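Got the structure open? Let's work through some questions about charged side chains and the parts they join.

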Amino acid sequence: MRILIDADGCPVTGIATEIAKEYHAEVIIFCDTSHIFDYDNVKVITVGKGADSADFALVNNIKENDLVITQDYGLSAMALSKKGIVLNQNGLIINDMNIDTLLATRHISKKARMSGKHLKGPAKRTQQQNIIFEKALRGILDENFNSTRQL
């Protein structure tokens, strides 16, 4: 299992890379030229700016059972179609049971914005959200790496 991170606007990239080290998991970060990442033992794939350019680079690199960390539901759907495991920044495991609802909600929100409605943005990120994300990530890695983690 590799960990592929959609790092454009991802608030948990640092947390994910630190935890991945404990499991000796390969991490690949995908971003556009607006971002610079420098983590030890992490591959960074930087693509040109453009709508969803990092997302498409990530999708083209997914292998079955790779873990994809993203807050983008469109990317999540594509990752699921390639048999990836998807986790969002808040610790939600996105799967075939919830992706349709998430995509429908995204579509409704987009329609509302296009009609001139001003939707409330996300609240400021909390430490509790980081804790929930970390717990979910460790759960996935524990399942896939069993006891190979060195303490």
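Q: Is Asp-66 buried or exposed?
A: Keep in mind that this is a predicted model. To count as buried, a residue needs under 20% relative accessible area. Asp-66 has a relative accessible area of 3%, so Asp-66 is buried.

Q: Which residue forms a salt bridge with Asp-66?
A: Look for a side-chain nitrogen of Lys or Arg within 4 Å of a carboxyl oxygen. For Asp-66, the closest N and O atoms of the pair are 2.6 Å apart, and the partner is Arg-2.

Q: Is that partner, Arg-2, buried or exposed?
A: Use the cut-off again: under 20% means buried. Arg-2 comes in at 13% relative accessibility, so Arg-2 counts as buried.

Q: How many residues apart in sequence are the parts that Arg-2 and Asp-66 tie together?
A: Arg-2 sits in strand β1, which covers residues 2-6. Asp-66 is in the loop between α2 (53-59) and β4 (67-69). The pair therefore ties together parts whose separation in sequence is 64 residues.

Q: Which residue stands opposite Arg-2 in β2?
A: Strand β1, home of Arg-2, is joined to strand β2 (residues 26-32) by 5 bridges, and the two run parallel. Across from Arg-2 in β2 you'll find Glu-26.

Q: Which are the edge strands of the open sheet?
A: The sheet has 6 strands with mixed pairing, in the order β3-β2-β1-β4-β5-β6. An edge strand here pairs on one side only. That gives you β3 (43-47) and β6 (93-94).

Q: Which helix holds both Glu-18 and Lys-21?
A: These two form a salt bridge, with the closest N and O atoms 3.2 Å apart. Glu-18 is partly exposed at 43% relative accessibility, and Lys-21 is partly exposed at 38%. They're 3 residues apart, about one turn of the helix, and that helix is α1 (residues 13-23).

Q: What separates Glu-134 and Arg-138 along helix α5?
A: Their side chains meet in a salt bridge at 3.1 Å, N to O. Both lie in α5 (residues 127-145), 4 residues apart, so the separation is about one helical turn.

Q: Which residues are linked with Glu-134 in a network of salt bridges?
A: Start from Glu-134, which is partly exposed at 30% relative accessibility. Its side chain meets that of Arg-138 in a salt bridge. The network linked with Glu-134 takes in Arg-138 and Glu-22.

Q: How many salt bridges does the structure hold?
A: Among them are the pair Arg-2 with Asp-66, the pair Glu-18 with Lys-21 and the pair Glu-134 with Arg-138. For the whole structure, the total is 4.

Conventions
Residues are numbered from 1 along each chain as its sequence is written. This is a predicted model: local features need pLDDT of at least 70, side-chain atom pairs count only at pLDDT 80 or more; totals for chains, interfaces and linings use all residues. Side-chain values use heavy atoms; hydrogens and water are left out. Buried means under 20% relative accessible area, exposed over 50%, partly exposed in between (1.4 Å probe, protein chains only). Two strands pair if DSSP finds at least two bridges between them.
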